[in-house]
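Welcome, and please get your viewer ready. We will move from one selection to the next, with a short note at each stop.

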Amino acid sequence: MLEPEASRTASTLANCDQVRVETTATLGTIEYAPGQFTVGALPFPATIGGVSGILGSIVTGLDPSGKTAQGAQHLTLIHFFASEQGGFTTIDRAVCAPAGKDAGTCRVNDVLTVVSGTGVFSGAEGSLRNHGIIDFNTNSLSVSLRGRICRSQA
């Protein structure tokens, strides 16, 4: 016997959590493997799906636009969420476009795709979007993260 569509949708949605994180993160150098460093958002406290942990990112690639790299910067990143109950990672594509006349700031728009999870986030999937301002004068990033993360049924 097939399960009614409405019943399948309700059970799937029961395992999904809306994500909303608003904060300011510090940019810095992160050691992502022994002796290997890159820049990113230093881990900061965040609660996702009722689970408290830390969220951070590392930049894995940069592709500047414009003849003299004066235009938008196209970035690839990995975000990570870690807690005692488990965590997840994302693979991201972001664009950081000039934000006014100050060359030290840019408006960032980032799409985060969940690619793996552990513990309570085992089998997690979903996507998140971040809109913010990167200020290289203060090494800070305003974070306005929204989206949904779904966990597999245990």
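Does Phe 81 count as buried or exposed? Select Phe 81: with 3% relative accessibility, this residue counts as buried (buried is under 20% relative accessible area, exposed over 50%, partly exposed in between, with a 1.4 Å probe and protein chains only). Keep in mind that you are looking at a predicted model, where local features need pLDDT of at least 70, side-chain atom pairs count only at pLDDT 80 or more, and totals for chains, interfaces and linings use all residues. Residues are numbered from 1 along each chain as its sequence is written, and side-chain values use heavy atoms, with hydrogens and water left out.

**Stop 1: the whole protein**

Zoom out and colour by secondary structure. You should find 1 helix and 9 strands, running along the sequence as α-β-β-β-β-β-β-β-β-β. Helices (H or I, at least four residues) and strands (E, at least two) are DSSP runs, numbered from the N terminus. Of the 154 residues in the protein, 37% are buried. The exposed surface comes to about 8,900 Å², with carbon and sulfur atoms supplying 56% of it; these areas come from the Shrake-Rupley method with a 1.4 Å probe, and for residues only the protein chains shown count as cover.

**Stop 2: the sheet**

Now show the strands alone. The 9 strands form an open, antiparallel sheet in the order β2-β1-β9-β8-β7-β6-β5-β4-β3; two strands pair if DSSP finds at least two bridges between them. β2 (36–41) and β3 (44–48) stand at the edges with a single partner strand each, so one side of each has no neighbour in the sheet. On average, neighbouring strands are turned by 30 degrees against each other, direction ignored (axes are lines fitted to C-alpha atoms, for helices over the stretch in contact, and angles run from 0 to 180 degrees between N-to-C directions).

Select β3 together with β4 (residues 51–64): they pair in the antiparallel sense over 5 bridges. Thr 47 has Ser 52 in β4 as its bridge partner.

**Stop 3: the aromatic cluster**

Return to Phe 81 and add Phe 88 and Phe 121; ring pairs link these three into a cluster. Rings of Phe, Tyr and Trp (its six-membered ring) pair if their centres lie within 6.5 Å, and planes under 30 degrees apart count as stacked, over 60 as edge-to-face and the rest as tilted. By this rule there are 3 aromatic pairs. The ring centres of Phe 81 and Phe 88 are 5.5 Å apart with planes at 25 degrees, so this pair is stacked. Phe 81 and Phe 121 are edge-to-face, at 5.7 Å centre to centre and 80 degrees between the planes. That pair joins β5 (residues 73–83), home of Phe 81, to the loop between β7 (105–119) and β8 (125–135), where Phe 121 sits, 40 residues apart.

Phe 121 counts as buried, at 0% relative accessibility. Add Arg 151, which lies over the face of Phe 121, at 4.7 Å from the ring centre (a charge sits over a ring if NZ of Lys or CZ of Arg is within 6 Å of the ring centre and within 35 degrees of the ring normal).

**Stop 4: Asp 92**

Next, pick Asp 92 in strand β6 (residues 86–98). Asp 92 is buried, with a relative accessible area of 1%. Leaving aside residues up to four places away in sequence, Asp 92 touches several residues, including Leu 75, His 79, Asp 110 and Thr 113 (contact means heavy atoms within 4.5 Å).

**Last stop: Asn 139**

Finish at Asn 139, in the loop between β8 and β9 (140–150). Asn 139 has a positive phi of about 50 degrees although it is not a glycine, and at 38% relative accessibility Asn 139 counts as partly exposed.
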